[in-house]
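The following exercises are to be worked through with the sequence and the coordinates at hand. Each task is followed by a stepwise solution.

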Amino acid sequence: MQPPSSNPSAPLSRRNWRRWLPGLQLLRDYSPAWLSRDLLAGLVLTAMLVPVGIAYAEASGVPGIYGLYATIVPLLAYALFGPSRILVLGPDSALVAIILAVVLPLSGGDAQRAILLASAMALVSGLVCLGAGILRLGFITELLSKPIRYGYMNGIALTVLISQTPRLFGISLDSDGPLQDTWHLFGALLDGKANAYAFAIGGGSLAIILLLKRFERVPGILIAVVAATLTAWWFDLEARHGVRVVGSLPQGLPDFVLPLIDAADLQAVLIGGFAVALVSFADTSVLSRTYAARTRTAVDANQEMIGLGMANLTTGLFQGIPVSSSSSRTPVAEAAGAHTQLAGVFGAIGVALLLLFAHDLLRHLPSSALAAVVIAAAVGLFEFKDLRRIYRIQQWEFWLSITCFVGVVVLGAVPGIGLAVVIAVIEFLWDGWRPHYAVLGRVDGIRGYHDIGRYPQARLVPGLVLFRWDAPLFFANAELFQNCVLQAVRQAPVPVRRIVIAAEPVTSVDVTSADMLIELQQLLHADGIELRFAEMKDPVKDKLQRLEVLARIGHDVFQPTVGAAVDAYLEEHRVDWTP
C-alpha cells in the first residue's frame, strides 16, 4: 500500500492534521479485505510479544509484568502516530544494557523504585524523540558512522550476553559490570552453584531458538517458551529442583502513574533517557527504511521520531519501560501477513486480554528460558562480517569501532554511548580539520585542472596558483588554510601574480574563517598578489557578504569556473600560455 498523498486542494490545517496522525489517515483508506490478514498477524504476534516482553523487562532489572505494559501501550500509540506500515515496537534487547545500567545501581533491589526509574527514562526518551521530530531533526542519527554503530552495538550485545548468562545457569548475581560479572560467574560455576536443571531448560531453549532462527516463518521463540513451560510444569521443576519460574502475573491493565523520582537520580535518568532515544531511533530508522524499501513506500524520518517519541512517552506514563522497534518481531508480523499497523493493535489487544483473563498462563515459565530468549537476541546484535570488510579497506575506522566496543564493555552502556558520540564528533571534525588540498595544473590529454601531486607532469600557468581546498572553512581549519595558501605561493616556480581558490568543495564559512580571508587578502596584497575565487556556491557568497568579507576584498573576485579564472588571468596580465 502506498502512503496516502495529501490533496493539494485540501485546507492547510487538514493536511497538517493528517501528517501528524498517519494512523487515522490509514483507517480512512483501510480496505476490509486487509482485516483478516491483520487479525491473524495480530494473533501470531501476541504469542511472541508475551514471552519477549517479560524476558526483556527482567533483563532490564524490573519485574516481567512491566514488559507487558510496555508492549500494549506503545503499539497503540505508534499505530496512531507512527508512519511505518508494519513496524512492531516494544521492549528491545538493544536497550536492555542501558536501562539496567541506570536502574540497577539506583533501585537498590526495590522493584517499585526500579520501574519508576525505567518509566522516567522512557518519559525522557519520549520527550527527546518528540522534540527532535517536531524540530525536524530526524537526521541526527546519521552523525554516528557505521563503524561506530557497529562498535557500540557489539559492546551492548556482549554486555547483555554476560548479564544473562548467570540466569541461564540458574545463578543469581548482583551485576557489577561485564568484566566483574564474568569473573563472578566463573567463581560461582567453580563453586558448584549452577542449577543443572535450570541450565538444561535454558540451554535447550537457546538451542531451539538458534536452530529455528533460519526459518523465518517458524516461531522459534514461541516453540522454545512453550516447551520450557510444559517441561517445568510436568516435572514440577520449581518445587523439586529449585528452578526459578516467572510465577503468577498481576491481573489487570496498567494504571496511569507519573514517574516521580528523587532529585539525586535525575542526572542519571536524563543521560540514560537520552541514550535510549539515540539508540532506539537509530534502530527504528534503519528498520523502517528497510521495510519501506520492501514495500516501496516513503520514509518520513521526522514523523518516525514523533511516533517513537509518543510510544515512549505513553509507556512512561503507564508503568512501562523504554521501547524501540524490534528487528525480531517485525519480521514475524510480516511473515504472518500483516498489512497495516492494525496487526500491532490486535497484538496489543491480545496481550491485554491475557492479563485480564489468563494471567496465570505463564506461571511455570522458567527464568532460564527467558534468559535464553534475551541471549538469542543479543547474539543477533553482533556484527563481524562487515567489520572484517572495514578492516580490509579502512583500518583506522575499524580501530575506531574497536575503541567504541571496548568503551561500552569497560565503562558501561550509558558512558559508552557518550564515548560513541564523542568519537563521532572527533571523526567528523578530523576530516574538516585536516582536509585534503591541492595545487592544480593542466594535464595534456585530460580535460580540466588536476592535482599536481597526482600528476607531476601537469603544466602550471606562469604567475598563477590554482589552489583547491576540499572542506568547509571554519574555526578549526582557518589557520591551516591560510598557511597552506601562503606555502603554495612560496613554492611556486616563478613569482606569483594571482592565486585562485577553487572553492567548489567549500560549502560554508564562519566568522573565524571570514576574518582569516580578510587577513589573507591583506598579506597577499602586500606582496603584490591578487586573490580570486572560482566555482564558489551562491549560498557561500551570501555568507561572505553577510560577514562583511566582500566589503573588504571586493565584489569582483569571483569566476564561474576554474577555466574561466585561468582565461581571465591570461587576458588581464597578457600572459602567453596555451591551456
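**Exercise 1. Helix α20: burial, cover and length**

Task: Determine which residues of α20 are buried, identify what covers them, and test the length of the helix against its expected span.

Solution.
Step 1. The model is a predicted one. In α20 the buried residues are Ala478, Phe481, Gln482, Cys484, Val485, Leu486, Ala488 and Val489.
Step 2. The cover over these buried residues of α20 includes the strands β3 (437-442), β5 (464-469) and β6 (498-502), together with helix α21 (511-526).
Step 3. Helix α20 runs over residues 478-490, that is 13 residues, and at 1.5 Å a residue the expected span is 18 Å. The expected span is 1.5 Å times one less than the number of residues.
Step 4. The end C-alpha atoms of α20 are 19 Å apart, which agrees with that expectation.

**Exercise 2. The overall architecture**

Task: Describe the secondary structure, extent, burial and domain assignment of the protein.

Solution.
Step 1. The protein has 24 helices and eight strands.
Step 2. Along the principal axes, its C-alpha atoms fill a box of roughly 100 × 65 × 50 Å.
Step 3. Of its 579 residues, 52% count as buried. The accessible surface comes to about 27,000 Å², and carbon and sulfur atoms account for 61% of it.
Step 4. Among contacts with a separation of 6 or more, 81% are between residues 24 or more positions apart.
Step 5. The domain assignment gives domain 1, made up of 35-209 + 227-233 + 266-426, and domain 2, made up of 437-572. The C-alpha centres of domain 1 and domain 2 lie 51 Å apart.
Step 6. The charged side chains number 43 positive and 45 negative, and the centres of the two sets are 7 Å apart.

**Exercise 3. Two helical residues**

Task: Are Leu354 and Glu304 buried or exposed, and which residues does each touch?

Solution.
Step 1. Leu354 belongs to helix α15 (residues 342-357). Its relative accessible area is 12%, so Leu354 is buried, the cut-off being under 20%.
Step 2. Leaving aside residues up to four places away in sequence, Leu354 touches Val50, His359 and Leu361.
Step 3. Leu354 and Thr46 are 308 residues apart in sequence, yet their C-alpha atoms are 9.2 Å apart in space.
Step 4. Glu304 is found in helix α13 (residues 301-317). With a relative accessible area of 2%, Glu304 is buried.
Step 5. With residues up to four places away in sequence again set aside, Glu304 touches Tyr78, Pro83, Ser84, Leu87, Phe281, Thr284 and Ser288.

**Exercise 4. Positive phi outside glycine**

Task: For Glu535 and Arg574, state the phi angle, the location and the exposure class.

Solution.
Step 1. Glu535 is not a glycine, although its phi is positive, at about 65°.
Step 2. Glu535 sits in the loop between β7 (530-534) and α22 (538-546).
Step 3. The relative accessibility of Glu535 is 28%, so this residue counts as partly exposed.
Step 4. Arg574 likewise has a positive phi without being a glycine, with a value near 50°.
Step 5. Arg574 lies in the segment after α24 (562-572).
Step 6. The relative accessible area of Arg574 is 77%, so Arg574 is exposed, the cut-off for that class being over 50%.

Key: Residues numbered from 1 in each chain as written. Predicted model: local features only at pLDDT ≥ 70, side-chain atom pairs only at ≥ 80, totals over all residues. Heavy atoms only, no water. Helix = DSSP H or I, 4+ residues; strand = E, 2+ residues; numbered from the N terminus. Buried < 20%, exposed > 50% of the residue type's maximum accessible area, 1.4 Å probe, protein only. Contact = heavy atoms within 4.5 Å. Areas by Shrake-Rupley, 256 points an atom, 1.4 Å probe, with all protein chains shown as cover. Lys, Arg positive; Asp, Glu negative; His and termini not counted. Charge placed at Lys NZ, Arg CZ, Asp CG, Glu CD. Domains from an automatic or database assignment.
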